[in-house]
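User: I should like to learn how to read helix packing and internal cavities in a structure. Could you take me through an example?

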Amino acid sequence: MSVQDIFNAINEFRDTEIVNLVQAEVDAGTDISEILDNGLIGAMDEVGKKFGEGLLFVPEMLMAAQTMKAGLEVIRPLLADSDTKPRGTVIIGTVKGDLHDIGKNLVAMMLEGAGFTIIDLGVDVEPQAFFDAAKENSAELVAMSALLTTTMPAMEEAVKLIKDAGLPTKMVIGGAPVTQAYADKISADGYSADAPGAVELARSLIPGD
Amino acid sequence: MKTHLQVLSKEECDKIHERTLYVLSHVGVKVDTAKGRAFLKKAGADVDENTHIVKISPDLVESSLKQVPRDLTLGARRSGADLKMNNGNCVLCMDGEASVIIDRKTGERRPSTFNDWLEGTRIGDAIDDFGMYWGLCEATDKEDTVGNYVNHLRYLFGNFSKHVQDPFDTADKALWLLEVLQVIFGDKEAIKKHHPFSFLLCPQSPLMIDEQYTDAYLELLGWDIPVAIMPMMLMGATSPGSMVSTIVQGNSEVMAMICLLQAASPGLPVLYAPILSIMDPRTGRLYAGAIENSIMSSAQVEMGRYYGLPVEGTAYNTDQYEPSIQAGYERALNGILPTLSWPDIMIAPGLLGGSMVMSLEQMIIDIEIFRLSKHARRGVVTDDDNWLEDVIAKTGPGGNYLMEMSTAKAIRSGEWYVSDFGMHDSYENWIAAGKKPLMEEAAEKVADLLNNYEPMPFTDDQNGELDKIQKRAEQNS
């Protein structure tokens with residue numbers, strides 16, 4: 001057993017084995033940050049690299065993320081005692097009036113796989129709820145999605161609430177009718193046309209240590 | 001015989017139906033409209049008010065299906081423009097609800113406006129291949145008020161005189177719609193009889209029926225307004241990763257809505273219209289140009305026919321954001337298969353980039369693809385007049401058929417498709433004519449139609465009544 005086995009299990013989407021592999025490393029006394037950085041997050045960085053090169057597809061990326069998440073749950077109780085910390089906290093949801101959540105779910109899973117802590121507010125989220133969650137969790141990022149042009153104005157309301165209050169939280173938006181021009185118009189910090197782009201955007205807005 | 005395309009056998013259709021019954025009775029559908037759940041419960045469905053999951057028995061599905069009328073005509077303002085369903089015809093319907101347009105004068109990509117919508121609507125009315133309206137784009141420069149909704153209806157019916165299918169999103173608009181319909185089409189009985197307006201309901205995949213749009217439609221109960229049931233799923237994301245299971249899920253969503261609507265209004269006309277699409281596995285986005293979309297569109301036409309229902313099919317998708325070689329081959333391939341399957345209504349020319357970008361020039365190109373596809377369906381005509389061995393004998397070896405009456409007749413018989421669009425001349429003539437690009441020719445057709453086509457006017461009395469309704473609606477906005 002080794003951290004490399006954890007790394008390999010994630011790259012091969014072996015979600016039924018990952019818990020035992022991580023637990024074995026914990027029991028063996030391996031440093032938690034070693035398991036996290038070189039096993040779990042390291043594997044997802046590799047998966048992300050393969051994805052970026054077109055060698056992996058979205059479902060494979062998500063299965064890797066799911067495997068990583070299962071492994072992360074094993075060490076989560078130990079993280080508070082270690083020096084490790086997540087890449088950042090992201091509040092995510094579809095905006096008020098919009099129930100279409102497949103894109104939002106994709107982004108949430110891929111961000112989680114990339115090491116971010118996700119607080120998913122679900123669908124039909126009021127602008128005030130985005131604000132409250134961002135403030136309460138000192139979130140680095142709020143990610144909002146809309147599929148309908150009629151619901152897009154709710155994005156502007158949420159951006160305005162957070163910016164006017166002076167929160168440092170970055171605001172990003174996406175969804176089929178959303179454009180970079182609209183993001184610029186409402187003073188959002190970023191826009192992505194798809195889930196992989198959203199991960200890159202989050203990484204650029206919240207650089208790791 | 002006609003060119004024949006079949007992507008599902010009878011046995012496979014039977015199996016899809018059986019699996020549909022399993023999904024509806026064992027998995028169920030999440031029905032978020034309380035009114036809808038009440039109708040389904042009264043009809044005998046197993047309703048969980050906590051989870052909103054409704055399980056529907058095979059008996060209820062079968063009895064609901066039996067109640068759907070197979071004999072349906074969608075009415076129109078214009079004489080001769082009624083659409084009789086299940087009658088061997090196939091007409092086009094514009095694609096719906098883009099939010100961006102490629103400006104026909106500047107080439108700029110920008111948010112679509114009321115004027116863009118109006119131009120698309122007028123062109124749809126002007127071109128005979130179109131039999132039905134769906135709003136090509138959103139008027140992003142107009143606020144969502146009942147005043148603007150009534151204004152939209154006035155311009156819609158004033159500029160499009162064929163059948164109109166036009167959903168709205170909130171229940172408060174229903175009464176305004178009914179008022180406008182009565183001014184234009186007559187009283188309630190006339191509207192119930194002629195069906196000049198139909199609605200569009202889109203169950204959300206996987207297996208959900210929403211509250212907002214469904215309740216908006218339920219406000220129209222009693223008026224016999226037909227409903228096209230159009231769940232839109234993404235294979236691998238919001239439906240399973242195989243085509244046949246995506247077809248099963250789409251069929252399940254349509255059947256669930258049929259059960260709800262028949263429980264609410266027995267005998268209500270519906271159209272079978274699921275849009276079965278595939279996810280791009282590289283991004284998770286709609287893979288609009290994929291050939292799998294057209295195969296599944298053919299399958300959905302076959303499933304609709306299996307049930308004997310009127311069918312709205314889908315074609316002409318592309319990933320490309322502007323008219324181009326890629327848009328051309330994707331749309332041609334995505335157009336011909338569903339056209340060979342022959343739905344009553346074929347959506348949807350005019351939009352690019354996964355149906356988010358409107359282009360009137362592309363619409364002209366798509367119509368040409370539709371005409372070619374229709375012609376492909378004609379196949380080899382073997383009427384008695386087409387067996388010309390006597391002409392072969394008369395001409396003999398080394399002769400030609402140019403001056404034969406049979407040739408002259410055949411050219412005009414419908415067996416030959418002589419296109420008036422695109423380049424079909426000699427190289428020298430093409431150069432001499434200035435090598436006009438296809439897009440320029442399409443743009444000229446658009447401009448010509450907009451400059452010269454006169455839509456069917458309202459009477460003075462109708463205009464007066466519509467003025468009054470609009471004034472009241474604006475006061476309510």
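Analyst: The discussion below treats one helix pair and then the largest cavity. Please note that this is a predicted model.

User: At what angle do helices H10 and H11 of chain B pack, and how far apart are their axes?

Analyst: Helix H10 (residues 291-306) of chain B packs against helix H11 (residues 325-341) of chain B at an angle of about 15°, and their axes are 8 Å apart. Angles under 35 degrees count as roughly parallel, and H10(B) and H11(B) are therefore roughly parallel to each other. Their crossing is right-handed.

User: Which residues make the contact?

Analyst: From H10(B) come Ile291(B), Asn293(B), Ser294(B), Ile295(B), Ser297(B), Ser298(B), Val301(B) and Glu302(B). H11(B) contributes Leu333(B), Asn334(B), Leu337(B), Pro338(B) and Ser341(B). By class, the contact has 6 nonpolar, 6 polar and 1 charged residues.

User: How is empty space inside a protein found?

Analyst: A probe the size of a water molecule is rolled over the atoms, which shows where empty space is left. In this structure as a whole, the search finds 3 cavities of 30 Å³ or more. The largest cavity holds about 80 Å³ of space.

User: Which elements each supply at least two residues of the lining of the largest cavity?

Analyst: Strand E16 (275-278) and H10 of chain B do so. The lining includes Ile275(B), Leu276(B) and Ser277(B), as well as Asn293(B), Ser294(B) and Ser297(B). Asn293(B), Ser294(B) and Ser297(B) also take part in the helix contact. Asn334(B) of H11(B) is in that contact, and Asn334(B) lines the cavity too.

User: What is the make-up of this lining by class?

Analyst: The lining has 4 nonpolar, 7 polar and no charged residues.

Methods. Residues numbered from 1 in each chain as written. Chains lettered and ligands numbered in written order. Predicted model: local features only at pLDDT ≥ 70, side-chain atom pairs only at ≥ 80, totals over all residues. Heavy atoms only, no water. Axes fitted to C-alpha atoms, helices over the stretch in contact; angles between N-to-C directions. Helix = DSSP H or I, 4+ residues; strand = E, 2+ residues; numbered from the N terminus. Parallel < 35°, antiparallel > 145°, perpendicular 65-115°, else oblique. Left-handed = near helix turned anticlockwise from the far one by under 90°. Contact = heavy atoms within 4.5 Å. Nonpolar A, V, L, I, M, F, W, Y, C, P; charged D, E, K, R; others polar. 1 Å grid on protein atoms, 1.4 Å probe; cavity = no way out; pocket = protein on both sides within 12 Å on 5 of 7 lines; lining within 4 Å. Points joined across faces, edges and corners; volume = space filled by probe spheres on them.
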